[in-house]
Amino acid sequence: MENIENFVYLDNAATTKPCTESIKAVNECLETKWGNPSSLHKKGIEAQLPVDNARKIIASSIGCDVSEIYFTSCATESTNLAIFGTAAALGRNKKKIVTTTIEHSSVKNCLDNLAQSGYEIVKISPDKNGIINFADIVNAVDENTCLVSIMLVNNETGYILPVKKAFTFIKKKYPSVNLHCDCVQAYMKINVRTDDIPADIMSFSAHKIHGVKGAGFIYIRKGTKIKPYLIGGGQEKGIRGGTESVPLIAGMAKAVEVLMPDIKQRFEKVTDLRSYLLQKLSSLDGIAINSDENCLPYIVNISLIGYRSEIILHYLEDKGIYISSGSACSKGAKSGVLTEFGISPERADSALRISFCAENTLSDIDRLINALSQAQKDILKK
Ligand code: PLP
């Protein structure tokens, strides 16, 4: 076992390390702004201020009004609110929902749940070239549709979906359909703006952007018909009951404040890391690349043909290198997303997800490549 303190973290799509500024903001609130923001006295007002400030920072980061941002505990809560809240508001007469076959489980499982109560869920698959065709999404929508839910960037491959194009067409033809976009893997990696993507609802998470776990937010465009999912004391204008987590919300906004100004520079740096990785991988035998040029550089999915993902994952872990075999929440269980992209089950069984943040270095990649090369010598193929 190597010195784990000297580790290489290449699993940023699962979670990111909270940045120092975010931790500081969290601690400051824990120590001094621990009041309940709903209290009418000084302690309450003191705690309301960071929440108001966070709402301003976050609204400005996606170009919307502060009244359109609602804090939640994570993106899963946001997607649940988007889906069940839409079903409660519009689902009495409209029982069709359009989505894709490659959504994160926090969307997929909500929709599977609605299917059991009589909703028709239409799932669009990538075509034979691994592309989700925007026209397939648009053509699936009709008068009976209450919701379209499409992710912006896939969490396993980095694939960028044609959300803007699809939503623009649907909005024109069916303005009363709620359009939800899961923006978790796109936010702070590319610009996500409400004037660019005509979504009515967008879901976001703090821990994917160097904030702290336990906070997320949802954007709900003014005038969107949606019912609350968590009903409580009327917080967040009655859309999300429950006392706001002031420290985690302040920490999330601080992470946004830190990352927002150099999205472009970080994108360029990560693009260079990706190119270097691909170049180095080409020197190894038996590697297949599962993330093509339609993918964000932050996520590179590869297969080490003939070796089971989990075996390699733990081999690398022993060497202090952390990557993943797929989506973190499926704990190694195959989600089926790769096979949706036309990747054979054998290749999917050997898949490894390498996901960057701008703090990663070329030497992180060198260590990964050396370890993969050594793994091919040390481990017998399955
Ligand atoms: N959507 C996508 C695309 C994700 O990658 C994730 C987390 O992996 C989620 C939603 C859920 O986010 P959270 O962990 O904040 O619930």
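This passage describes a ligand site, a buried strand with its partners, and a separate open sheet in a predicted model. In this model, local features need pLDDT of at least 70 and side-chain atom pairs count only at pLDDT 80 or more, while totals for chains, interfaces and linings use all residues. Residues are numbered from 1 along each chain as its sequence is written, and side-chain values use heavy atoms, with hydrogens and water left out.

The ligand has 13 residues around it. A residue counts as near if one of its heavy atoms lies within 4 Å of the molecule or strand in question. Thr76, Asp182, Gln185, Ser205 and Lys208 come nearest. By class, the shell holds four nonpolar, seven polar and two charged residues. Here Ala, Val, Leu, Ile, Met, Phe, Trp, Tyr, Cys and Pro count as nonpolar, Asp, Glu, Lys and Arg as charged, and the others, Gly among them, as polar.

Three polar contacts can be described, a polar contact being a pair of N or O atoms within 3.5 Å (within protein, one must be able to donate a hydrogen and the other to accept it, and residues adjacent in sequence count only if both atoms are side-chain atoms). Asp182 places a polar side-chain atom 2.6 Å from a ligand nitrogen. Ser205 has a polar side-chain atom 2.7 Å from a ligand oxygen. For His207, a side-chain N or O atom is 2.9 Å from an oxygen atom of the ligand. On its own, the ligand has 390 Å² of accessible area (Shrake-Rupley method, 1.4 Å probe). The protein covers 91% of this area.

Ser205 also belongs to strand 7 (residues 201–205). Strands are DSSP runs (E, at least two residues), numbered from the N terminus. Strand 7 runs antiparallel to strand 8, and five bridges join them. Two strands pair if DSSP finds at least two bridges between them. Ser205 has Gly216 as its bridge partner in strand 8. Strand 2 (residues 69–72) is also antiparallel to strand 8, with four bridges. There, Ile69 is partnered with Tyr219.

Strand 8 (residues 216–220) is mostly covered, with five of its five residues buried (under 20% relative accessible area, 1.4 Å probe, protein chains only). In a regular strand, side chains alternate between the two faces of the sheet. Gly216, Ile218 and Ile220 point one way from strand 8, and Phe217 and Tyr219 point the other way.

An open sheet has three strands in the order 9-10-12, with antiparallel pairing. Strand 9 (287–289) and strand 12 (351–355) each have a single partner strand, so one side of each lacks a neighbour in the sheet. Three bridges join strand 9 to strand 10 (residues 299–304). Ala288 has Ser303 as its bridge partner in strand 10.

Technical notes: Buried < 20%, exposed > 50% of the residue type's maximum accessible area, 1.4 Å probe, protein only.
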